[in-house]
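Subject: A structure for you to look at

Hi there,

Here is the structure I promised to pass on to you. Have a look at it first, and then read on for what turned up in it.

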Amino acid sequence: MTVAIPPSDTAGSSDDRPVPPAQAEDTAAAVPAPAGEGFWVEPGAADDAVPDLAEPEVAEVVVAEPEVAEVVVRDAREFGVYARTGGWAFALKVARSVRPGGEPAGETPKVSAKRFAELAGCSPERIMRYYKAWDKAADDGLVPHFEILVPGQDIELPDSDVWHSYYTARSSASSERGTAIAAAAEAEGIRPTKALEVAENPTALRAAILADPATARAARSALLDRLREDPVLQTELARDVARTDELKKAVATESRAADRIGYVRQIVENGQVKTPAGQTIDAPAELRAEAERHLSLIDELDDGEDTGQWATEAYDTVKELVVQTVEADPELRRQERRTKFYGSLQRATKVFEELTLDDADDLDDLYEDDMLQRLEELQTAIGTCIAALRKAAPEQS
């Protein structure tokens, strides 16, 4: 802090009498400096005197900083150490104060991990996680081994960036399950401790999924990735879907939409289409172009967007064009009728064969008048159909 002090004005008062010091101080305090100046102008010059515009002499006054308490200094320095080194600062305290395994208690001022934990007010497991992190780093030559360090000794510590390469915040990371989680976390580019924390608290994961749509979408994506390699989970999820009415309806709706999109895509990619009767024909250019137009609209939809309405519109449009194509060609129309009739005949034959073969031995117990009447009507219809087909049969030469 600097204070500007103007030089003494040598001009006397209007009556040339000296001003007593006390009076001068009182008067000076009452007269402010001109606007924009950072100092006071000493009064006493005549009103008509020409003001002295020379640059005032400036003297620097250094204001001493207040003395900082020692505890504050210690906190600040310890904070700086931790900011640079991260967990290494605490690992050093463990490394220089905890006995290495197998070293007798009487030969060193160091204490056991259990005793150190009691003094620190935490669990021995936590102390051992720092101990093991230091031990791994020592094996890599990053820090000195325990035997070299003595209590209270300070050394230059590694950067905080490498701390998490050695420290595992959870004991579960050493298990087979924890190792797999840690490896998956590293593959995703996140710290293993984050993934292990989630894995150890499924209730928190459930709460996040229930409350946050973004978390639910991430969980769904991860679950689908795992389903591809986990047959057991596939079966369990399929069973859950089958037992939940809402999910069954949703699956049926999506399956129908997927089938319809597949029908349209088949036309675009293969240039062929199935008629309502089931025969496969080459798709005309107009039909193929319309199918391609609808398919491009569907492919442009976002992943989360509902495709049901678009699929229905595409399917109905294409199906109508297929019917028009068949009706416009006499040969196709005849073949379509033949295919439809033969398909119905095959289905009816299979159903009737199953009916007679399965129940022929128990007709005494199953008999009802209505059954006999229905079979007689069916026999009449079949006889009429046979007679019509015989008339349509080409003459044998």
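Let's start with Leu205, which sits in helix 8, residues 202-211. This is a predicted model, so please keep that in mind for everything below. Leu205 counts as partly exposed, because its relative accessibility is 37%, a value that lies between the 20% limit for buried and the 50% limit for exposed. Try finding Thr215 from there: Leu205 and Thr215 are 10 residues apart in sequence, and their C-alpha atoms are 8.8 Å apart in space.

Next, the salt bridges. Side chains of opposite charge can pair when their charged atoms come close. How many salt bridges does a search of the whole structure find? The search gives 8, and three of them are described here.

One of them joins the side chains of Arg96 and Asp154, with 2.9 Å from N to O. This pair links distant parts of the chain, as the two residues are 58 residues apart. Arg96 belongs to helix 3 (residues 88-97), while Asp154 lies in the loop between helix 5 (124-139) and helix 6 (176-188). Are the two partners buried or exposed? Arg96 is buried, because its relative accessibility is 12%, whereas Asp154 is exposed at 62%.

Another salt bridge brings together the side chains of Glu118 and Arg115, at 3.2 Å from N to O. Both residues are in helix 4 (residues 113-120), and because they are 3 residues apart there, about one helical turn separates them. Glu118 is partly exposed, with a relative accessible area of 48%, and Arg115 is partly exposed too, with 40%.

The third to look up is between Asp230 and Arg226, whose closest N and O atoms are 3.3 Å apart. Here Asp230 counts as buried, because its relative accessibility is 17%, and Arg226 counts as exposed, because its value is 51%.

Now for the surface. Which residues gather in a patch of negative charge there? They are Glu254, Asp302, Asp303, Glu305 and Asp306. To get your bearings, go to Asp303, found in the loop between helix 12 (285-299) and helix 13 (308-328). Asp303 counts as exposed because its relative accessible area is 85%, and the cut-off for exposed is over 50%.

The surface also has a nonpolar patch, formed by Phe352, Leu355, Leu375, Leu378, Ile382 and Ile386. Together these residues have about 500 Å² of accessible area. Helix 14 (330-359) and helix 16 (369-392) each supply at least two residues of this patch. Which helix gives the largest share? That is helix 16, with 4 residues. Ile382 is in helix 16, and Ile382 counts as partly exposed because its relative accessibility is 44%.

Last, the cysteines. A disulfide is a covalent bond between the sulfur atoms of two cysteines. With sulfur atoms required to lie within 2.5 Å of each other, the count comes to 0 disulfides. You can still look up Cys122, which is partly exposed at 29% relative accessibility, and Cys385, which is partly exposed with a relative accessible area of 30%.

Enjoy exploring, and write back with any questions!

Best wishes

Terms used:
Residues are numbered from 1 along each chain as its sequence is written. This is a predicted model: local features need pLDDT of at least 70, side-chain atom pairs count only at pLDDT 80 or more; totals for chains, interfaces and linings use all residues. Side-chain values use heavy atoms; hydrogens and water are left out. Patches are made of residues with over 30% relative accessible area and no salt bridge: like charges are joined within 9 Å, nonpolar side chains (Val, Leu, Ile, Met, Phe, Trp, Tyr) within 5 Å. Accessible areas come from the Shrake-Rupley method with a 1.4 Å probe; for residues, only the protein chains shown count as cover. A salt bridge is a side-chain nitrogen of Lys or Arg within 4 Å of a carboxyl oxygen of Asp or Glu. Lys and Arg count as positive and Asp and Glu as negative; His and the chain ends are not counted. The place of a charge is taken as NZ of Lys, CZ of Arg, CG of Asp or CD of Glu. Buried means under 20% relative accessible area, exposed over 50%, partly exposed in between (1.4 Å probe, protein chains only).
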